[in-house]
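Work through these short exercises with the structure in view. Each task is followed by its solution.

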Amino acid sequence: MRFCDPDQLIGKKRRNRLAAADNTICYLTRGTFKEDQHDAGFADTRWVELEELYENCGKAQLNGAVKKYRKAEDEAVKAAIAEFEEGIEDWQPVVLVSGVAR
């Protein structure tokens with residue numbers, strides 16, 4: 001998730017605090033994208049604004065997808081932190097004496 005499309009911001013806006021009008025919630029979305037109702041569509045991954053997801057999916061489906069995303073994200077973060085902490089516990093300092101590791 002991100003709150004804006006940095007490619008759409010000029011340099012000054014990218015360096016400073018964004019105005020509320022520049023904030024748009026977007027999700028990186030894997031899906032089938034169509035040009036119009038007559039297009040069979042194609043699989044792609046794109047940043048899609050929350051409003052567009054709501055318009056195309058509806059409230060119930062969107063809420064379910066966001067809930068699933070947040071659960072997967074939470075589990076991935078917890079696993080990564082546990083792995084970092086495990087690495088810290090297993091860490092052994094290396095002492096160099098005259099250029100030879102001990």
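**Exercise 1.** Is F3 buried, partly exposed or exposed?

This is a predicted model: local features need pLDDT of at least 70, side-chain atom pairs count only at pLDDT 80 or more, and totals for chains, interfaces and linings use all residues. Residues are numbered from 1 along each chain as its sequence is written, and side-chain values use heavy atoms, without hydrogens and water.

Step 1. Take the cut-offs: buried is under 20% relative accessible area, exposed is over 50%, and partly exposed is in between (1.4 Å probe, protein chains only).
Step 2. F3 has a relative accessible area of 48%, so F3 is partly exposed.
Step 3. Place F3: this residue sits in the segment before α1 (11–15).

**Exercise 2.** How many aromatic pairs are there?

Step 1. Rings of Phe, Tyr and Trp (its six-membered ring) pair if their centres lie within 6.5 Å; planes under 30 degrees apart are stacked, over 60 edge-to-face, the rest tilted.
Step 2. The count is one aromatic pair.
Step 3. The ring centres of Y27 and Y69 are 5.7 Å apart and the planes stand at 85°, so this pair is edge-to-face.
Step 4. Y27 belongs to strand β1 (residues 26–33) and Y69 to helix α3 (residues 59–90), so the pair ties together parts 42 residues apart in sequence. Helices (H or I, at least four residues) and strands (E, at least two) are DSSP runs, numbered from the N terminus.

**Exercise 3.** Are Y27 and Y69 buried, partly exposed or exposed?

Step 1. Y27 has 9% relative accessibility, so Y27 counts as buried.
Step 2. Y69 has a relative accessible area of 34%, so Y69 is partly exposed.
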